[in-house]
Amino acid sequence: SNGNIALLANMAKRARIPWDAVLGAEAVRAYKPQPEAYLRTCELLAMRPEEVCLVAAHNGDLRAARAGGLRTAFVCRPTEHGAAQTEDL
């Protein structure tokens, strides 16, 4: 995420999401859609890009992650960018 780690951890706690790790731009010193944002995250998790799946509602993030070798999953959020945001990469 481009969000800061404290914010993401707090959101996860409030939503009762049992994540194993919360990583963000702070940890990898890069922002999406820079390739380093995805690849350094994989490195921190000691995983190869093809072992990681980026789940996002933003096609630009999905394209960049896929270009770096990550798997991707599209989540439609029609109230964020409107009903036209339907492309599933």
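How much accessible surface does the protein chain have, and what share of that surface belongs to carbon and sulfur atoms? In this predicted model, the accessible surface of the protein chain comes to about 6,100 Å², and carbon and sulfur atoms account for 54% of that area. Of the 89 residues in the chain, 27% are buried.

The chain is built from five helices and two strands, and, read from the N terminus, these elements follow one another in the order α-α-α-β-α-β-α. Among the contacts made by residues with a separation of 6 or more, 21% involve residues that lie 24 or more positions apart.

Confidence in the model was considered next. The mean pLDDT of the protein chain is 88, and 90% of the residues reach a value of 70 or more. Confidence is highest in helix α3, which spans residues 35-44 and has a mean of 95, whereas the lowest confidence is found in helix α5, residues 78-81, where the mean is 72. Where pLDDT is low, predicted coordinates should not be read in detail.

Side chains of opposite charge can pair when their charged atoms come close, and the structure holds three such salt bridges. One of them joins the side chains of K32 and D61, with a distance of 3.3 Å from N to O. Because K32 lies in the loop between α2 (25-28) and α3, while D61 belongs to helix α4 (residues 59-67), this pair ties together parts of the chain that are 29 residues apart in sequence. The two partners differ in their exposure: K32 has a relative accessibility of 24% and therefore counts as partly exposed, whereas D61, with a relative accessible area of 11%, is buried, since this value falls under the 20% cut-off.

The other salt bridges involve R48. The side chain of R48 meets that of E50 at 2.7 Å, taken from N to O, and R48 also forms a salt bridge with E51, in which the closest N and O atoms are 3.6 Å apart. Through these shared partners, R48, E50 and E51 are joined into one network of salt bridges. Each member of the network is partly exposed: the relative accessible area is 47% for R48 and 38% for E50, and E51 has a relative accessibility of 39%.

Methods:
Residues numbered from 1 in each chain as written. Predicted model: local features only at pLDDT ≥ 70, side-chain atom pairs only at ≥ 80, totals over all residues. Heavy atoms only, no water. pLDDT = per-residue confidence, 0-100. Helix = DSSP H or I, 4+ residues; strand = E, 2+ residues; numbered from the N terminus. Buried < 20%, exposed > 50% of the residue type's maximum accessible area, 1.4 Å probe, protein only. Contact = heavy atoms within 4.5 Å. Areas by Shrake-Rupley, 256 points an atom, 1.4 Å probe, with all protein chains shown as cover. Salt bridge = Lys/Arg side-chain N within 4 Å of Asp/Glu carboxyl O.
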